[in-house]
Amino acid sequence: MDLDFTPEEEQFRLRARAWLAAHVPRAPLPSLETEEGFAAHRAWEGTLAADRWSVVSWPEEFGGQGADLVKWLLFEEEYYAAGAPGRVSQNGISLLAPTLFDHGTPEQRARVLPPMARGEVVWAQAWSEPEAGSDLASLRSTARRAPGGWRLSGQKTWSSRAAFADRAFGLFRSDPRAERPHHGLAYVMFPLDAPGVTIRPIGRLDGRPAFAEVFLDDVFVPDDDVIGAPGDGWRIAMSTTGDERGLALRSPGRFLATADRLVRLWHAHGDPSDTALRDRVADAVIGARAYQLFTWANASRSAAGEKLGAESSLNKVFWSEYDIAVHEAALDLLGADGELTDDGERLPPRPPDASSPDPTSPDRTSPDPTSPDPAPTDPAPWTEGYVFSLAGPIYAGTNEIQRDIIAERLLGLPKGRR
Ligand SMILES: Cc1cc2nc3c(=O)[nH]c(=O)nc-3n(C[C@H](O)[C@H](O)[C@H](O)COP(=O)(O)OP(=O)(O)OC[C@H]3O[C@@H](n4cnc5c(N)ncnc54)[C@H](O)[C@@H]3O)c2cc1C
């Protein structure tokens, strides 16, 4: 395998790096799980979009740069290395957009994608229901035929950022007489401020209010907002889940940047005699690099026209478990400080230990309050990252389910008992 980049790819990387250096906010934005932070992140999406960096891999007509998968991965590496803000448009960009590219009409693409790219319309995913998480096909929310469209009723839950988002996409039972549960489902887009929609935030461990459940009471949507044929929703949704678990949701750039921060934390606080912890830091670096190489391999296969399919489950199990391990290593390095976080307030970073192996250099260990890249010794981002990482084995399909998929479809093992 050739791991060298072409001169054009290198140039793309440098162009992205220069743009990010000039535009990434100097101070971290407030959490996008709060109203204030959501607005700030929405504005950031607009800044990205103004220079076509919000959706680099989309065709130019929808606001992108027509970049291929390799360039998208390079952009992501630069994005995380620059400490740029989290993407509030992620559900739309990484889930709904690929679905529309594959199954939407030209009218839907022209109407939905450009405002999504600019952050003007932020989307929530409304799939899960109280009795339909892992077993999504048992969902009960309905779409009933009405003149010119459909009327939606039911309850969706665990919808990330739905408290502040503008619209949502979800699955609804459009044919109650269908013989099998995954038949007769419609894939529908709907506004979250329509008459009949009630949003109720769900309390999260960190107390932030964006996570929500969505109640629908006879909500009208026009035919134009159904993706694909009504009744074909399951097939369409399954193409989305591959994107969610596969390349799109967690690019290696995120973990390379976190591993780099962990190494810097080790330089600041690591005890050279603690070889067990030192090995975990080394494992974090090796894991991030392995994930990067695996993703490159998948990108090459994808560029050659292969579909990822069940392999995306390998990705999902790996990154979600990696994310917990790397944050646990950081918290162990921070010791008691790692348990301190004060309602979103940043605690002053602890100065590097005089006894640490390299207390004076590199100067990246000294916190720079104007830098968006959090100081590695600042406990708050580690604690917040740890709390969020605990959800990784649950969202995007639980790891138990992913392991079942790996066992059955990749390894050819017999089906487990359900
Ligand atoms: C932070 C977070 C964000 C989320 N965001 C969204 C969102 O934006 N939109 C959305 O629609 N949903 C979202 N979800 C919901 C998520 O997709 C579901 O939580 C997930 O699919 C699991 O469903 P469940 O919670 O109903 O658990 P259940 O399906 O009830 O599972 C409970 C436990 O039983 C196990 N289990 C169930 N069936 C099997 C089986 N057949 N074999 C082995 N083990 C099994 C599961 O693995 C799990 O450990 C989010 C969840 C979290 C935690």
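Here Ala, Val, Leu, Ile, Met, Phe, Trp, Tyr, Cys and Pro go down as nonpolar, Asp, Glu, Lys and Arg as charged, and the rest, Gly included, as polar.

**View 1. Who sits around the ligand in this predicted model.** Sorted that way, the shell around the ligand comes out at seven nonpolar, seven polar and three charged residues. There are 17 residues around the ligand, and the ones that come nearest are Ser-128, Ser-134, Trp-158, Thr-398 and Glu-400.

**View 2. Polar atoms facing the ligand.** Look at Trp-127 for the backbone: one of its polar backbone atoms is 2.9 Å from an oxygen atom of the ligand. Trp-158 also uses its backbone, with an N or O atom 3.0 Å from a ligand nitrogen. Asp-404 brings in a side chain instead, placing a polar atom 3.4 Å from a nitrogen atom of the ligand. On its own the ligand has 970 Å² of accessible area, and the protein covers 67% of that.

**View 3. The elements and domains behind the shell.** Two or more residues of the shell come from each of β3 (149–159) and α11 (399–410). The top contributor is α11, with three residues. Domain 2 (123–233) and domain 3 (252–342 + 380–411) both supply shell residues, so the ligand lies between them.

**View 4. A stretch to take with a pinch of salt.** The chain averages a pLDDT of 88, and 89% of its residues score at least 70. Residues 344–372 are another story, with pLDDT below 50, though the stretch has 55 contacts in the model beyond near neighbours in sequence. Where pLDDT is low, don't read the predicted coordinates in detail.

Conventions:
Residues are numbered from 1 along each chain as its sequence is written. This is a predicted model: local features need pLDDT of at least 70, side-chain atom pairs count only at pLDDT 80 or more; totals for chains, interfaces and linings use all residues. Side-chain values use heavy atoms; hydrogens and water are left out. A residue is near a molecule or strand if one of its heavy atoms lies within 4 Å of it. A polar contact is a pair of N or O atoms within 3.5 Å; within protein, one must be able to donate a hydrogen and the other to accept it, and residues adjacent in sequence count only if both atoms are side-chain atoms. Accessible areas come from the Shrake-Rupley method with a 1.4 Å probe; for residues, only the protein chains shown count as cover. Helices (H or I, at least four residues) and strands (E, at least two) are DSSP runs, numbered from the N terminus. Domain bounds come from an automatic or database domain assignment. pLDDT is the predictor's confidence in each residue, from 0 to 100. Contact means heavy atoms within 4.5 Å.
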